[in-house]
Amino acid sequence: MLRILLAGFGVVGRSLAEILVERSEELRRGEGLNIRIIGIIDSGGAAVYERGLNLEEMIKTKKKSGSVSHHDDYGRPGLNVLDLLDELEVDVLVDATPTNLSNGEPSYTYIRKALASRIHVVTVNKGPLALALPALKELAKHKDVIFRFSGSVGGGLPVIEFARQCARGDEIIKIEGVLNGTTNYIISRMEDGLEFEAALQEAQERGYAEKDPSLDIRGLDTAAKLVILANEVLGIKATINDVHIKGIEELRKKEIDEAIRSGETYRLIGRVDSGLEVKPTRIKREDPLAVRYSMNAVSFTTMNSGVHVILGRGAGGRETATAILRDLIEIKKKLVEVKV
Ligand SMILES: NC(=O)c1ccc[n+]([C@@H]2O[C@H](COP(=O)([O-])OP(=O)(O)OC[C@H]3O[C@@H](n4cnc5c(N)ncnc54)[C@H](OP(=O)(O)O)[C@@H]3O)[C@@H](O)[C@H]2O)c1
């Protein structure tokens, strides 16, 4: 039984709850994953029940009143993650709070406190990873707890797991990827004939881009994901400050049209080999990285077995929640191995 504290009950947190409502019996039988969500926190406070919250009720309460903390029996307005890490016996903190690439907060403090208290952590939040992944990994190792973040790159696409497979008996020497669906959608629509501003507006209307899309457009979201891959796949102890970043804000339709006339196109590509770099890059239209619209694609160049590419939809609530489940299954398996 894993006792879980779920921080964040937005698109991803609620998707996780929905999937657990639908599939928890199947996960228990098939994967031996027995989950009890003992606390949920959103920006208004928490809901807490140590015997396990009824997730359908929590989803209804959130929809109806805006915060789980308004639940009649289990609501605790004003309580935060730090309070509950002190109060409850938690096995895993699942962090689905908003990304902050300036200082990683409040997630950074939550994750540090959980790891320091010997609580395993699963996060999908790029902020603390982009700014302090080497230090957080070190802390997890020192405290002998498991720290997983597979949903932070590629949403539900198992990019990190795929890389681990590519590296078995081989060595990855370069990673290149289209890691941000929003900018890829904008560039694709510019190929279709729209100007930058119109393509951006359409991406916002369709819910691909945030209201403030600057982290995507300026290349920072791609850089954060690149840093996570560099650390996890290549063992490079980098942070976002080590990345040379150029976004797509200056890319004009005229340049894209000219590339297309030569059988090429632009993609916002994050690359790590000897250094880390994000920039709009001209590539052949038949290049596997020339994926269209909100797709992601990542290629791993290996020493001996060539180039391996993974592609798919890189975001979405249910997709990302599935990555959280994958991490929880891995944690459960590791804990069983330790016991044996
Ligand atoms: N959506 C995706 O496709 C996707 C894919 C990969 C990774 N991610 C990452 O997953 C995380 C969550 O994304 P999302 O789309 O679910 O965002 P979201 O819909 O904005 O949800 C964020 C949730 O966090 C809550 N929250 C805010 N401050 C908090 C705090 N201090 N303590 C506890 N909870 C707090 C919010 O509360 P309220 O509900 O009260 O506002 C909300 O429930 C982000 O870091 C994002 O980058 C998302």
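The dialogue below works through the domains and one sheet of a predicted model.

Trainee: Where should I begin with this model, and into which domains is the protein divided?

Mentor: Begin with the domain bounds, and keep in mind that everything here refers to a predicted model. Domain 1 takes in residues 2-156 together with 318-339, while domain 2 covers 159-314. The centres of the two domains, taken over C-alpha atoms, are separated by 28 Å.

Trainee: How many residues of each domain are in contact with the other?

Mentor: On the side of domain 1 there are 15 residues in contact, and they meet 18 residues of domain 2. Helix α5, residues 126-143, gives the most to the side of domain 1 that touches domain 2, contributing 7 residues. By character, the residues on that side of domain 1 divide into 9 nonpolar, 4 polar and 2 charged.

Trainee: Turning to the sheet, what is the order of its strands?

Mentor: A sheet is read by following which strand pairs with which, and here that gives an open sheet of 6 strands in the order β9-β11-β10-β8-β12-β13, with mixed pairing. Strands β9 and β13 (307-313) each have a single partner strand and stand at the edges, so one side of each lacks a neighbour in the sheet. On average, neighbouring strands of this sheet are turned by 30 degrees against each other, when direction is ignored.

Trainee: Which pairs are parallel or antiparallel around β11, and how many bridges join them?

Mentor: Strand β9 (residues 243-245) runs parallel to β11 (residues 276-284), and 3 bridges join the two; within this part of the sheet, isoleucine 245 stands opposite valine 278 of β11. Strand β10 (residues 264-272), by contrast, pairs with β11 in the antiparallel sense over 9 bridges, and a hairpin of 3 residues links β10 to β11. For a single position to look at, take arginine 267, whose bridge partner in β11 is threonine 281.

Trainee: What does β8 do beside β10, and in which sense do they pair?

Mentor: Strand β8 (residues 172-178) is antiparallel to β10, with 3 bridges between them, and isoleucine 175 stands opposite valine 272 in β10.

Trainee: Which strands do helices α7 and α11 lie across, and at what angle to β10 does each run?

Mentor: Helix α7 (residues 181-191) lies across β8, β10 and β12 (295-302), and its direction makes about 165 degrees with β10. Helix α11 (residues 253-261) lies across β10 and β11, running at about 105 degrees to β10.

Note on methods
Residues numbered from 1 in each chain as written. Predicted model: local features only at pLDDT ≥ 70, side-chain atom pairs only at ≥ 80, totals over all residues. Pairing = 2+ DSSP bridges. Helix = DSSP H or I, 4+ residues; strand = E, 2+ residues; numbered from the N terminus. Axes fitted to C-alpha atoms, helices over the stretch in contact; angles between N-to-C directions. Contact = placed C-beta atoms within 7 Å. Domains from an automatic or database assignment. Nonpolar A, V, L, I, M, F, W, Y, C, P; charged D, E, K, R; others polar.
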